[in-house]
Amino acid sequence: MIMDMVSNIKIERSATSKLPSVDFDNIQFGKQFSDHMFVADYKNGEWTNLEIKPYAPITLSPACAALHYGQSVFEGMKAYKNEEGEIFLFRPKDNAKRINVSSARMCMPEFPEELFMEALKKLVEVDSDWVPTKEGCSLYIRPFMFASEELLGVRPADEYKFMIFTSPVGGYYSGEVHVKIETEYTRAAEGGVGYAKAAGNYAASLYPAKLGQDAGYRQLIWTDAKTHEYIEEAGTMNIMFHIGDTLITPHLDLKTTLAGITRDSVLTIARELGVKVEERKVSVKEVVAAAKNGTLKDVFGCGTAATITQVSSITHEDERMELPALTDRMLSNEIGQVLQDLKRGQVEDKHNWIFKI
Ligand SMILES: *Cc1c(COP(=O)(O)O)cnc(C)c1O
């Protein structure tokens, strides 16, 4: 059945390409979109109208359910190109699985993994010239699904759109990242939707993040909703602490933290490097104590957008703790390098993480 659908992906190529207008030496994040997009419609209990067509605005009813009640989930992934022109995706099947974890929580239909993979592969093939070759650059891929039904009643919608578009991106902005431990606002609560990559999670985080930015912090470190004593994530990334000889990160058991693919990759590589790894509750208290007694060697966020973002200082209740110089972050620098080499197909891929287009 699914294989039938796969062969049914219609391809309509754009008459002209926007490629000549792109300055690949100065790519701005999320401002330019490749020539094509994938679209599928969910109607009468099945996915239909599977199509790759020119990237263009879509028409929606003002009563489109996603706009009112927020049934909307997404994914973020990247395609890389090496010097030989080969294109690689990093662990795309994990994204295919995760969007269905997110959509199940939001009462949205499953998008079959095989179909996700086939649509992704075809779309990247069609726009393969859009994948940048330059080191640090990639093609950002945004799969997403939302309720498209014209519906004012509050219930799970019966109609959805699943789409994928792509956008060439440059190296992520680096520079000093100063963060604050948030003790008033909450990103996710137990029983809530923190483990889903749901659009509403991002909407809810914008206001506290803005307050933080106005006060001079690039990111907030989110803490648990009940006590604000345990650390969960950093902005829209997972967070890791290198304390003494151990790499420590918040566990996923409470479902308040998103199960990042970068997070899992970093933990796997660290274990292979012989580093002790702990996934558990991480208290603000122990991080502050480690910063004070000099055992806090490193703090970094991890996610697809920036891969690894090292933190320069952490502020907790007006107390600012400076972290070691970025050049001294041996572990995250090493893991970052391994990940980068892997993603561009330059080292042996023991885990079958690399998917060649
Ligand atoms: C997407 C996301 C991450 C990172 O996940 P990756 O799979 O590594 O990109 C972490 N936290 C939140 C809240 C996210 O939305």
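Trainee: How far is an oxygen atom of the ligand from an N or O atom in the side chain of Thr-262?

Mentor: This is a predicted model: local features need pLDDT of at least 70, side-chain atom pairs count only at pLDDT 80 or more, and totals for chains, interfaces and linings use all residues. Residues are numbered from 1 along each chain as its sequence is written, and side-chain values use heavy atoms, leaving out hydrogens and water. The Thr-262 pair lies within the 3.5 Å allowed between N or O atoms in a polar contact; its distance is 2.6 Å.

Trainee: Which residue has a polar backbone atom 2.8 Å from an oxygen atom of the ligand?

Mentor: Arg-98 also sits 2.8 Å from a ligand oxygen, but through a polar side-chain atom. The backbone atom belongs to Ile-261.

Trainee: What share of the ligand's accessible area does the protein cover?

Mentor: Accessible area comes from the Shrake-Rupley method with a 1.4 Å probe. On its own, the ligand has 380 Å², and the protein covers 96%.

Trainee: In what order do the strands of the 5-stranded open sheet run?

Mentor: Strands are DSSP runs of E, at least two residues long, numbered from the N terminus. Two of them pair if DSSP finds at least two bridges between them. Here the pairing is mixed, and the order is E11-E10-E9-E17-E18.

Trainee: Which strands are at the edges?

Mentor: An edge strand pairs on one side only. The two that do so are E11 (231-234) and E18 (319-322).

Trainee: Which residue in E10 stands opposite Val-179?

Mentor: Strand E9 (residues 178-181) pairs with E10 (residues 219-223) over 3 bridges, in the parallel sense. Opposite Val-179 stands Gln-219.

Trainee: Which residue takes a positive phi in the hairpin of E2 and E3?

Mentor: E2 (residues 36-43) and E3 run antiparallel, joined by 7 bridges. Between these strands are 2 residues, and the phi near 50° belongs to Asn-44.

Trainee: Which helix gives the most residues to the largest nonpolar core?

Mentor: A nonpolar core joins buried (under 20% relative accessible area, 1.4 Å probe, protein chains only) Ala, Val, Leu, Ile, Met, Phe, Trp, Tyr and Cys residues through side-chain atoms within 4.5 Å. The largest has 49 residues, and those with the most contacts inside it include Phe-38 and Trp-47. Helices are H or I runs of at least four residues. With 7 residues, the top contributor is H4 (residues 113-126).

Trainee: How many residues are in the other core, apart from it?

Mentor: Ile-243, Ala-290, Met-321 and Leu-323 are among its members. The count is 21.

Note on methods. Buried < 20%, exposed > 50% of the residue type's maximum accessible area, 1.4 Å probe, protein only. Polar contact = N/O pair within 3.5 Å; in protein donor to acceptor, adjacent residues only side chain to side chain.
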